[in-house]
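Okay, let's get going. I'd like to walk you through the aromatic side chains and the core of this one, so have a look at the screen.

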Amino acid sequence: METYAIFKDLAIIIIAAKFFGILARKCKAPQVVGEIIAGLLIGPSVLGLVQQSDFLNMMAEIGVVLLMFSAGLETNLKDLMKTGPVALLIACSGVFIPLLGGSLLYMGFYGMSPWGSDAFYKAVFTGVIMTATSVSITVQSLKEMGKLKGKVGTTILSAAIIDDVIGIIVLTFVIGFKNPESNPGGVVISTVLFFVMALVVGVIVFKIFQKLDDRYPHTQRIPILGLSLCFFFAYAAERYFGIADITGAYVAGIVLCSIRDSSYIDRKMEVSSYIIFGPVFFASIGLKTSIDHMSVGILLFSVGFVVVALITKIIGCGLMAKICRFRFQDCLKIGVGMMTRGEVALIVAQKGLSVGLLTAEYFTAVILLIIVSSITTPIILKVLYAKDTAAAD
């Protein structure tokens, strides 16, 4: 392909992604859904206007690293540290039950697999995708109802933060075990060493950034250095510890999330991510989603995937909330509030595709889950809160 042809592809991707992103938002769906659909339409499966290339794949990888860096920057570390055992227990249960449910779903469709086999890791990875929580839709719904700062709203937000951290750690372990050259002990040691390194280096880097922030507040050198840290952590995670680059990027964001200019760094990162790298990443998912080999079996699996993913989150989070002595109605709210999926699920699925734990046709299930959970969550939450109001009257 001619070198300059990539400019045509980028122009088509950006225009299509933004057009369908705006259309999705007007239909009360997440913008990323529109961007994925844009990639599907302009890709080989439908119109064939844009073909996959190594360059686009690299752009998409940068996009996913930037997204995870931003997710880390947006983490409120003080809230994360202050959240008591209740949020931690709800998050752990909200990860374990979907992980188990997704694994059993895959095995139910494709048969039981022996421990350590390729099929076994694919089954576990199906569960890993289900562990991710994206509460942006939930937050907006709770805001509109004036319930965000209540006990239930605070619990959902705290549990969602911990949920993502645990989900990334689980992803790290699964990818590590999948490597045929690895052994369980080696994976555990590598993972522990990475987080020890991240803690030690992170404390030093945090203090350096604090001093820079005091001396040069709100200057562009701060986000530039922050971006360098993101890429260094992403590289070190893969190169020296065999851990996913997105884990490194996420940790880099957490390291900087408590400095005074963390939101300033995030805004600067968002410019490039929103304009080009984000659209390329989400559109690339559409480009890689194959509908050519769509079968009845895959369609049924996709429906089962959505149902299991939604129900296991409600059961996992709601049941633990009940054990922690929440009212039944509040347990339902917490479970429903935690069932939305978004960017993190896509990022995990994309990583699975790159390491051979997922094939392109199964992206349909992930996209369907995001659409269904994004539409149903606000509706169910409003019904649950309306029942509370009716009962009070």
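**Rings and core**

So, F301 first: its relative accessible area is 3%, and under 20% is what it takes, so F301 is buried. Before I go on, keep in mind that this is a predicted model.

What does F301 pair with? Its partner is Y110: the ring centres are 5.9 Å apart and the planes are at 50 degrees, so we call the pair tilted. And this pair links distant parts of the chain, with Y110 in helix α5, residues 85-110, and F301 in helix α13, residues 296-323. In sequence, that's 191 residues apart. Y110 is a bit of a contrast with its buried partner, because at a relative accessible area of 38% Y110 is partly exposed.

The two of them also belong to a cluster, where ring pairs link Y106, F109, Y110, F301 and F305.

Okay, zooming out on the rings. How many aromatic pairs do we count? Twelve. One of them is F19 with F20, with centres 5.2 Å apart and planes at 90 degrees, so that one is edge-to-face. F20 has 23% relative accessibility, so F20 counts as partly exposed.

Then there are a couple of charges over rings. R221 lies over the face of Y216, 4.1 Å from the ring centre. Over at Y385, the ring has the charged end of K333 above it, at 4.2 Å from the centre.

Now the core. As a general point, nonpolar side chains in soluble globular proteins tend to be buried together. Here, the largest nonpolar core has 116 residues. Which members touch the most others? That would be F69, F125, V128, L256, F305 and I334. You'll recognise F305 from the ring cluster. By element, helix α8, residues 151-178, gives this core its largest share, with eleven residues.

Let me pick out F69. Leaving aside residues up to four places away in sequence, F69 touches G226, L227, C230, A249, A252, G253, L256, I265 and M269. So L256, also on that list of best-connected core members, is one of the contacts of F69.

Last bit, the whole chain. We have 16 helices and zero strands. Of the 393 residues, 54% count as buried. If you take contacts with a separation of 6 or more, 79% of them are between residues 24 or more positions apart. And the chain exposes about 18000 Å², with carbon and sulfur atoms supplying 69% of that.

Methods. Residues are numbered from 1 along each chain as its sequence is written. This is a predicted model: local features need pLDDT of at least 70, side-chain atom pairs count only at pLDDT 80 or more; totals for chains, interfaces and linings use all residues. Side-chain values use heavy atoms; hydrogens and water are left out. Rings of Phe, Tyr and Trp (its six-membered ring) pair if their centres lie within 6.5 Å; planes under 30 degrees apart count as stacked, over 60 as edge-to-face and the rest as tilted. Buried means under 20% relative accessible area, exposed over 50%, partly exposed in between (1.4 Å probe, protein chains only). Helices (H or I, at least four residues) and strands (E, at least two) are DSSP runs, numbered from the N terminus. A charge sits over a ring if NZ of Lys or CZ of Arg is within 6 Å of the ring centre and within 35 degrees of the ring normal. A nonpolar core is a set of buried Ala, Val, Leu, Ile, Met, Phe, Trp, Tyr and Cys residues joined through side-chain atoms within 4.5 Å. Contact means heavy atoms within 4.5 Å. Accessible areas come from the Shrake-Rupley method with a 1.4 Å probe; for residues, only the protein chains shown count as cover.
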